[in-house]
There are 2 protein chains.
Amino acid sequence: MYVTISAENTKAALTAPLGTTATPCSETRLKAQSYLYLEGDDVDWVYQVISGVVRLTRLLADGRRQVIAFGYPGDIVGFPVDGVHHTDCEALTETRLQPYRRLCLENGECSPSLHRALLQAALREIGAMQDHFMMLGRKSAVEKVASFLSVLAERVGEDVGDYKQFTLPMCRSDIADFLGLTMETVSRTFTKLRKNNIIAIDNIHTIIVLRPTELQALTLGERD
Amino acid sequence: MYVTISAENTKAALTAPLGTTATPCSETRLKAQSYLYLEGDDVDWVYQVISGVVRLTRLLADGRRQVIAFGYPGDIVGFPVDGVHHTDCEALTETRLQPYRRLCLENGECSPSLHRALLQAALREIGAMQDHFMMLGRKSAVEKVASFLSVLAERVGEDVGDYKQFTLPMCRSDIADFLGLTMETVSRTFTKLRKNNIIAIDNIHTIIVLRPTELQALTLGERD
DNA sequence: CGGGTTCTTGACTATCTTCAACGAAAGTGG
DNA sequence: CCACTTTCGTTGAAGATAGTCAAGAACCCG
């Protein structure tokens, strides 16, 4: 999952399974905090997240970290770069994944419809990443956090009265490393949104969006 | 072209043409400052840059701009997202491009080797963009500019004695919008590198890297 | 040569980071 | 179940990095 400029993707489109034909391989299960693969590992499979959430990260030698994406149900993770994984992938919650052979994507060694679906997923990935560039390069802290929460509310939020509620399976520093901020700035921005009654923070990992429209407006720089 | 963490790609690999078989379509020529496509246009072709340089951009409603990538010879531009272009693409110099049918990439309606080559290019694009996230999210101004110049020196620099020389076909604000900085910061950083004798600026658009090793070190945060 | 654009530089400011302390929550072992 | 420890999150104060605004210099092109 990336924080796209406009969250125009519908839940339906995103969470639809890829193959309509019988899948050749049974699902993979992953406990929270366990790794699916590490940077440099050979790629044999790409995975579609069925349930749960995973985190893709890259590390710099000096310890700086960038969270590349969060993988929510419907997302495909593990695209190979020259046959090798280019990020680490860790499960944030217990996660179920549907594996697809790498060669199905790369050589079409499977049903044409599945090959096409994986390819389309890769192309959508490129588009989503392009959006995320704008986010990292050109948005303020408030805009980044508002975008992040807005997309999550849209994608995984549950209606609670007039509000949208969802849980954050990742910690604050994961969010910070995803948005190119520090943990402290993320925390302060959450507090600011809470004090302005845009959101409520029930449990630390449970967000309630009280005013979705205002949150959406902050996404593009209206005053807070 | 993205500013990758380690410029380990060789020139040869990057500039190799995709299809060894006869290409079905003659090359496209583009004058400097003319657009190849705009965001929202339907995609009929993807293009490999043969010579010249193009610039891919995305715009926000309020005018903020992100340069997504520069397309140098060997690069593929124009990957479709749901059949539609997701960026604007403008030629920075006179440019020659080899078009390939979109359906060759998406449906394999061409030679299998060409289909595979385009697919591999898309997957490499994903990997390169992941690297660029680190750049935008986690690097300082000096690191960004040093990375940018270092990659260019490696990729298009010509040996002049012990030095590497190359021209910048883009203006300072293009570089700024690529790196997530302002024009002024880019300019100041150039000056700093020049005063430290890491680079020389011959003409405004001609850079000579005097100390490639030091420049490379600045890429990852060694003191300047 | 002149006019417009692009680039550089300076002074000032804003935003975000850093460092540090504290508090809340969660895990551990008796 | 409770005390202890550790991790994670929040908050504050101070500082640094990059942004803004403005002026002047260099470059480009007819």
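**Protein surfaces at DNA strands C and D**

H6(B) gives the most to the surface near DNA strand C, with six residues. The model discussed here is predicted.

Colleague: Which helices each supply at least two residues of the surface near DNA strand C?

Modeller: In total, 18 residues surround DNA strand C, and the closest include A:Thr185 and B:Ser187. By class, five of this surface's residues are nonpolar, seven polar and six charged. The elements that each supply at least two residues are helix H6 (183-195) of chain A and helix H6 (183-195) of chain B.

Colleague: Which residue has a side-chain N or O atom 2.8 Å from a base oxygen of DNA strand C?

Modeller: Sugar and phosphate make up 63% of the atoms of DNA strand C that come within 4 Å of the protein. A phosphate oxygen of this strand lies 2.7 Å from a backbone N or O atom of A:Ala141, and a phosphate oxygen lies 2.9 Å from a polar side-chain atom of B:Arg172. For the base oxygen, the residue is A:Arg188.

Colleague: Are H5(B) and H6(B) roughly parallel or roughly perpendicular to each other?

Modeller: B:Arg172, which contacts a phosphate oxygen of DNA strand C, is one of the H5(B) residues that meet B:Met183, B:Val186 and B:Phe190 in H6(B). This contact of H5(B) with H6(B) has five nonpolar, one polar and one charged residues. The two axes come within 8 Å and cross at roughly 105°. Angles of 65 to 115 degrees count as roughly perpendicular, and therefore H5(B) and H6(B) are roughly perpendicular.

Colleague: Which element gives the largest share of the surface near DNA strand D?

Modeller: DNA strand D is surrounded by 20 residues, with A:Ser187, A:Thr191, B:Ala141, B:Thr185 and B:Arg188 the closest. Sugar and phosphate account for 62% of the strand's atoms within 4 Å of the protein. Side-chain N or O atoms approach phosphate oxygens at 2.9 Å for A:Arg172 and at 2.5 Å for B:Thr185. H6 of chain A and H6 of chain B give two or more residues to this surface, and the largest share, six residues, comes from H6(A).

Colleague: What is the handedness of the link of A:Cys104 and A:Cys110?

Modeller: The count over all chains is two disulfides. One of them joins A:Cys104 to A:Cys110, with an S to S distance of 2.1 Å, inside the 2.5 Å cut-off. With 60° about the S-S bond, this link is right-handed.

Definitions and conventions
Residues are numbered from 1 along each chain as its sequence is written. Chains are lettered from A and ligands numbered from 1 in the order in which they are written. This is a predicted model: local features need pLDDT of at least 70, side-chain atom pairs count only at pLDDT 80 or more; totals for chains, interfaces and linings use all residues. Side-chain values use heavy atoms; hydrogens and water are left out. A residue is near a molecule or strand if one of its heavy atoms lies within 4 Å of it. A polar contact is a pair of N or O atoms within 3.5 Å; within protein, one must be able to donate a hydrogen and the other to accept it, and residues adjacent in sequence count only if both atoms are side-chain atoms. Helices (H or I, at least four residues) and strands (E, at least two) are DSSP runs, numbered from the N terminus. Ala, Val, Leu, Ile, Met, Phe, Trp, Tyr, Cys and Pro count as nonpolar, Asp, Glu, Lys and Arg as charged, and the others, Gly among them, as polar. Axes are lines fitted to C-alpha atoms, for helices over the stretch in contact, and angles run from 0 to 180 degrees between N-to-C directions. Angles under 35 degrees count as roughly parallel, over 145 as roughly antiparallel, 65 to 115 as roughly perpendicular and the rest as oblique. Contact means heavy atoms within 4.5 Å.
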